[in-house]
Structure formats: structure tokens, C-alpha cells
Amino acid sequence: MARTISYREAINEALAQEMERDPRVIIMGEDNAGGAGSPGEDDAWGGVLGVTKGLYHRFPGRVLDTPISESAFIGAAIGAATRGMRPVAELMFIDFMGVCFDQIFNQAAKFRYMFGGRAITPVTVRTMYGAGLRAAAQHSQALYPIFTHIPGLKVVLPSSPYEAKGLMIQSIRDDDPVIFCEHKMLYDTVGEVPEESYAIPFGEANIVREGGDVTIVAFGRMVGTAEQAAGQLAGDGIECEVIDPRTTSPLDADTILESVESTGRLVVVDEATPRCNMATDVCALVAQEAFGALRAPVRMVTAPHTPVPFSDALEDLYIPDPQRVANAVKSVAGWKR
Amino acid sequence: MPEIDEITLLDAYRMMRTIRAFEERVHEEFATGEIPGFVHLYAGEEASATGVCTHLDARDTIASTHRGHGHCIAKGVDVKAMMAEIYGRGTGSCRGKGGSMHIADLTKGMLGANGIVGGGPPLICGTALAAKHEGAGGVGVAFFGDGASNQGTTLEALNLASVWHLPAVFVAENNGYAEATSSSWSVACDNIADRAAAFGMPGVIVDGFDFFAVHEAAGEAISRARQGGGPTLIEVKLTRYFGHFEGDQQTYRAGEVTHARENLDCLLRFRARVTERDLLTDKQLDAVDIEVDALIDAAVAEAESAPRPDPGDLATDVYVTY
């Protein structure tokens with residue numbers, strides 16, 4: 001029986017194994033130890049949701065608490081990366097990108113190009129995204145399309161504990177700046193994860209489920225949502241191919257296009273709001289590169305063009321669910337000209 | 001004031017003179033239309049970059065500003081490659097992809113001029129952190145202007161450097177204007193250095209027309225940082241000889257440039273001092289002048305005839321792997 005651990009534990013294990021392997025790996029962020037300068041425990045939290053718990057004592061001097069100064073410490077991680085370190089900085093919520101975005105998109109993302117290929121900036125920014133925790137408009141967004149838009153950044157969306165460990169190890173080893181987006185509703189999900197270290201390459205999609213009728217491309221937490229929908233639809237005689245691209249930048253266009261060439265039908269499931277998101281991106285890709293294969297219009301299942309609401313009565317409507325995905329799949333499967 | 005040896009003095013003069021000649025020449029060439037884009041010239045401020053960088057070596061990293069040519073030269077970036085970059089040539093420091101505002105050479109510890117006001121100080125917290133981990137006594141130096149002294153990034157970086165006790169030096173070059181807005185209006189306290197107290201670090205005010213004053217203050221701060229004594233904020237008060245960017249008519253100014261050129265020129269003051277005290281001779285300094293002018297002539301000639309970037313370079317160097 002293979003070992004099962006949580007998404008949170010998988011990320012923690014990846015960090016620990018890389019810190020063990022490479023002394024250049026350091027961690028920094030608000031409460032990443034938790035308790036700096038306080039009278040009680042000096043590693044009280046291990047990050048606000050406990051992802052870095054236990055690393056502070058295991059790796060003395062390499063887990064740094066920071067003031068609430070995202071520009072300063074995200075920038076510091078970037079600066080340290082240019083001097084040979086392999087920093088992993090935690091931007092607690094992706095929503096906080098607004099207070100430090102310059103350091104990410106004008107500095108880290110552009111150094112290599114602006115400096116004529118004569119810089120490497122191997123920094124990883126871990127950040128929590130997504131709705132579902134009743135955390136309201138400023139702590140719940142799925143802003144990864146904004147990072148995906150920026151040349152020079154790589155953007156990672158692990159959908160399971162297995163992906164989380166392998167993609168985190170790859171992020172740390174990668175020589176480019178990486179935005180590692182952790183869905184807050186996935187931290188307690190469990191799955192099979194090898195104990196040994198392994199890296200999952202970027203830009204290689206995972207075909208989560210094979211099927212010949214409709215291609216579903218889903219990102220991050222939406223992979224699980226799409227799988228549930230596909231399970232229901234199989235009972236109705238519709239076989240879905242569910243693709244998890246794993247990274248939005250680079251994007252594995254080939255796997256998506258090959259699948260659509262075979263199914264002729266595409267549904268994209270993206271928790272981000274609908275304008276200029278991954279769903280529009282993938283639909284544009286398919287419209288441009290596989291138009292001849294399409295046997296039905298493409299469909300996008302996304303959040304609405306609104307901020308994330310607080311009340312569960314509204315937030316549950318905001319998040320794409322298996323029923324909405326199933327409805328979209330049925331509409332393309334049964335589409336007639 | 002500590003003694004400075006003859007070689008260091010001559011090197012310092014060469015550095016300041018190179019920056020001045022480089023900037024005066026870019027000013028002339030820009031007017032001919034040969035140089036694309038924006039350029040922000042450092043002429044008048046040479047004693048600051050030189051007084052600080054004379055203390056630095058390969059362990060150390062600096063971050064600069066949009067007015068970055070002087071810092072680049074002072075940290076040892078190749079002058080001909082810089083000129084080629086400003087001309088947008090494939091032989092430039094950044095192969096024509098960066099331009100004046102992004103000249104960098106990480107192999108020299110020069111983390112880039114920076115088009116974002118306040119972009120550098122957070123980065124320098126990181127290079128200082130890396131230097132601390134390396135344990136070889138390296139420091140990080142952030143140059144920024146009076147404009148950046150009002151940016152949150154700078155204030156956050158000052159706090160973080162103090163909280164983490166980093167080997168960092170923050171050099172605020174107060175040239176009196178953020179673009180066209182006077183620092184006497186935009187900086188709410190009397191001096192930028194006064195802000196050091198808020199971050200628990202020493203704050204020092206230095207006459208930026210006096211190489212020796214900058215050299216002494218920077219030497220103390222850098223030495224303290226190397227020995228684990230934490231960060232320092234140095235405010236260097238000086239004047240830029242040209243506008244915010246080339247083409248700026250400077251109608252917001254009132255004659256202080258003429259006064260500075262005639263009375264406060266750091267090069268003239270340096271020459272007067274070293275010759276009066278028999279530290280260097282006019283003959284030695286004149287020889288440097290000739291050597292520097294020849295270098296700048298050669299840099300311009302080479303830049304003008306250098307190849308433009310290859311069209312195939314458009315999409316390269318975005319990632320290491322993708």
C-alpha cells in the first residue's frame with residue numbers, strides 16, 4: 001500500500017528534501033516560522049496554514065520570519081536569487097500580489113531579458129489562492145492568469161499532493177522565477193505520494209482520465225471538479241478526457257491539441273474570473289490551431305465576472321462545480337449545427 | 001580623515017572623470033538623434049558613486065536607478081559595452097535588450113540600473129542576505145534618489161535590513177529634484193537621513209560634491225556592515241548638471257547648475273585638494289584626462305559602427321528553459 005499524505009505535507013516534504021539536498025535553499029515569509037521575537041514558541045505557526053511547520057528547527061538560520069513587508073521580502077528573495085541562493089518566499093495570499101507586484105513582474109521576470117541573457121533568478125514564490133474558505137474578496141482570488149501573462153515567469157498549479165511535491169521540487173531546482181500557486185481548499189486533501197524525491201517537469205500536462213467524446217482542460221482545484229463531472233457523465237454514456245496542464249506557463253499546448261483533434265469537443269474549467277483567463281487562453285489556442293477538428297463550440301466554465309463573495313450562499317454559486325461542468329459537457333456533446 | 005594611497009586616489013579621479021566624460025558625451029550625442037529612447041545623466045554626482053564604490057570589491061553587489069551610468073562605471077562595468085548598449089547595439093552590456101535604464105553586469109556585482117523608482121532597495125536586502133549566508137564579508141549597496149526615498153519599497157527595505165541586521169548600505173542621492181518636483185517639498189522631513197532613526201540605523205548626511213567626505217562616510221558604513229554591524233543610511237546632497245532626462249528644458253530650476261559647475265564641481269574640488277596637498281600632480285591628472293577622453297572617443301566610435309541586434313534575438317533570453 002503506497003503512502004498517502006496531504007497536499008500540505010507534500011509541499012512541506014518537498015521543501016525539506018530540497019533544503020537537505022541544497023544548502024542554497026532558504027525560506028522566508030510572514031510567520032513562516034511564526035513567533036520571531038515573541039515570548040512563546042519561536043516556530044509557533046509554520047506559515048499561516050502550517051505548510052512550513054517544523055522546518056525552522058530542522059534547518060537553523062534558513063527559515064526566516066519577515067515583517068509584513070511583501071515588497072521588501074519578495075524583493076529580497078529575488079535579490080538573493082541573483083546572488084546564487086535558491087529562495088522560496090511565501091506570499092501568504094495571492095491577493096497580496098498588489099503590494100509587491102513590481103518586484104515580481106518588473107524585476108524578477110525581466111532580469112534575464114533586460115540583461116541580455118546574462119542573469120538567472122531562481123526564486124520560487126509560494127502563494128495560496130482560490131475560493132471556498134469564506135475568506136471573501138481579498139483572500140480568495142484565482143489570480144494566476146495575471147502571472148501567466150508575464151513573459152519571464154513560470155506559473156505552477158498543483159492539483160493533488162503528488163503534483164504538489166514533484167512540482168515544488170522542480171520549482172526550486174528551476175533556474176527561472178516560479179509562481180507556485182497552492183489552492184487553500186486542497187491543503188487537507190490526501191493522496192499517494194512517494195517518499196523519495198522526484199521532480200515533475202514543467203510544461204507536461206497530465207491526462208488524468210482518458211476518454212474519446214469531450215476534452216476537459218481543468219486547472220488546479222478544478223481538476224478534481226472535472227474528474228467528478230467526468231465520473232457522472234460516464235454513467236450517461238459520455239466519455240471525457242480530463243487534462244491537467246499542471247503549469248499555465250509553460251503550457252503544454254500539444255497535449256491539449258492532440259486530445260481535441262481526437263474528441264472534437266472542448267470544455268475548459270477555470271476558477272479564475274472569465275476575462276483574459278486560462279479558459280479564454282486555451283479556447284483561443286484551440287480555435288487557432290485546431291479549428292478544423294472542432295465539432296461543437298468551445299465552452300468555458302469559470303467564476304463570474306465579480307469579486308469573490310463572502311456568504312456561503314453566494315460563494316458556493318461563484319465556484320465552478322461538477323454540475324456546471326457536466327452541463328457544459330452535455331451541451332457540446334449533444335450540439336447540433 | 002584617513003589617508004588614501006596614491007593609486008586609490010588616481011583610480012578615483014579616473015572613475016569620476018570617466019563618468020563625467022561619458023555623460024557629457026552622451027548628452028552631445030543624444031542631441032544629434034543618434035541615441036534612442038530616454039537617458040538620464042549622472043554628471044555632477046560623480047563623487048557619490050565613486051566615493052562609495054572605491055570601497056567595494058567582488059563580494060559586493062550594488063543596485064542602481066534610472067540615473068545609473070555612474071554607478072555602472074564605478075562598479076567596473078565595461079565602458080565600451082555600456083556605450084554600445086545605450087546605442088542599442090548587439091555588442092552592448094545587455095546585447096541591446098536593456099538600454100540606458102537597464103545596464104547591468106552581474107559578474108561585476110552590478111544588479112542593474114532600474115527603471116522603477118524604488119526598485120533597487122528590496123533587491124539589495126536580498127543580495128546582502130546572500131552575502132551574509134556566504135560569510136565572506138560581502139555587502140549590498142542600494143543607490144536611490146530623493147524620489148525613491150518616498151517610495152514604500154525603500155522604506156520597507158530599510159526596515160527589513162534593520163530587522164534582519166543585514167550588511168547593507170542605503171545611499172540616498174538627493175539631487176534636489178524628483179523629475180521636476182523639489183525634494184524640499186516632497187520629502188516631509190528636513191533630511192532623508194533623518195528617516196534612519198525610524199529604522200534603528202545610523203543616518204549620515206554627506207556633501208556630495210566632496211569625494212573625500214563621501215569616501216569617509218561610505219567607508220565607515222561599509223566597514224560596519226562587513227563586520228556584522230548592520231545597515232546604514234547615507235544621504236548624499238548633490239546636484240545633477242542636466243535635466244531629469246535629456247530634452248528636459250528644466251524651467252523648474254533657477255540657476256543652481258551654473259553655480260554648482262563653477263563652485264561645487266567635484267572634479268575641480270578633487271583636483272584642487274590633491275594638488276594643494278601634493279597627493280597627486282597636475283601632470284598625473286592631465287594624463288588621466290587624455291586617457292579617459294580617448295576611451296570615450298573609442299567607445300562612441302565603436303558603438304556607432306557596432307552591429308544592431310539580430311532579429312533572431314527578439315525571442316531569446318526570456319527564460320533559461322521553457
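This passage describes a predicted model with chains A and B, from annotated regions to single residues.

Two regions carry annotations in UniProt. In chain A, the unreviewed entry gives "domain: Transketolase-like pyrimidine-binding" for residues 5-189. Helix makes up 35% of this stretch and strand 18%. Its end C-alpha atoms are 8 Å apart. In chain B, the unreviewed entry gives "domain: Dehydrogenase E1 component" for residues 15-311. Here the chain is 43% helix and 10% strand. The end C-alpha atoms of residues 15-311 of chain B are 35 Å apart.

Chain A was also divided by a domain assignment. Domain 1 spans residues 4-192, and domain 2 spans residues 206-333. Taken over C-alpha atoms, the centres of the two domains of chain A are separated by 27 Å. The two domains touch: 24 residues of domain 1 are in contact with 24 residues of domain 2. On the domain 1 side, four elements of chain A each supply at least two residues. They are helix H5 (144-148), strand S6 (154-156), helix H6 (161-173) and strand S7 (178-183). By class, this side of domain 1 has 14 nonpolar, 7 polar and 3 charged residues.

The two chains also meet. In this interface, 34 residues of chain A are in contact with 36 residues of chain B. On the chain A side, helix H3 (70-82) and helix H4 (101-114) are the elements that give two or more residues. H3(A) provides the largest share, 10 residues. The chain A side comprises 15 nonpolar, 13 polar and 6 charged residues.

H3(A) and H4(A) also pack against each other. Their axes come within 10 Å and cross at roughly 5°. An angle under 35 degrees counts as roughly parallel, and the two helices H3(A) and H4(A) are therefore roughly parallel to each other. From H3(A), the contact uses A:Ser71, A:Ile74, A:Gly75, A:Ile78 and A:Thr82. From H4(A), the partners are A:Gln103, A:Ile104, A:Gln107, A:Ala108 and A:Phe111. This contact of H3(A) with H4(A) has 5 nonpolar and 5 polar residues, and no charged ones.

Some details of the backbone also stand out. Most residues other than glycine have a negative phi, and most peptide bonds are trans. In chain A, a cis peptide bond joins A:Ser249 and A:Pro250, with omega about 0°. A:Pro250 lies in the loop between strand S12 (247-249) and helix H8 (253-263) of chain A.

Chain B contains residues other than glycine with positive phi, including B:His165 and B:Asp317. Phi of B:His165 is near 55°. B:His165 sits in the loop between helix H6 (152-163) and strand S3 (168-174) of chain B. B:His165 has 16 other C-beta atoms within 10 Å and is partly exposed. Phi of B:Asp317 is near 70°. B:Asp317 is placed in the segment after helix H11 (282-305) of chain B. A residue with 20 or more other C-beta atoms within 10 Å is buried. B:Asp317 has 20 such neighbours, so B:Asp317 counts as buried.

Another part of chain B brings together residues that are apart in sequence. B:Asp210 belongs to the loop between strand S6 (203-207) and helix H8 (211-226) of chain B. With 19 C-beta neighbours inside 10 Å, B:Asp210 counts as partly exposed. Its neighbours within four places in sequence aside, B:Asp210 is in contact with B:Ala47, B:Cys266 and B:Arg269. B:Leu267 is 57 residues from B:Asp210 along the chain, and the C-alpha atoms of the two are separated by 8.8 Å. B:Leu268 is 58 residues from B:Asp210 along the chain, with a C-alpha separation of 9.9 Å. B:Leu268 is found in helix H10 (residues 266-276) of chain B. B:Leu268 has 13 C-beta neighbours inside 10 Å and counts as partly exposed.

Definitions and conventions: Residues numbered from 1 in each chain as written. Chains lettered and ligands numbered in written order. Predicted model: local features only at pLDDT ≥ 70, side-chain atom pairs only at ≥ 80, totals over all residues. UniProt positions renumbered as here; feature names shortened; annotations may be inferred. Contact = placed C-beta atoms within 7 Å. Nonpolar A, V, L, I, M, F, W, Y, C, P; charged D, E, K, R; others polar. Axes fitted to C-alpha atoms, helices over the stretch in contact; angles between N-to-C directions. Parallel < 35°, antiparallel > 145°, perpendicular 65-115°, else oblique. Domains from an automatic or database assignment. Buried ≥ 20, exposed ≤ 12 C-beta atoms within 10 Å, placed from the backbone.
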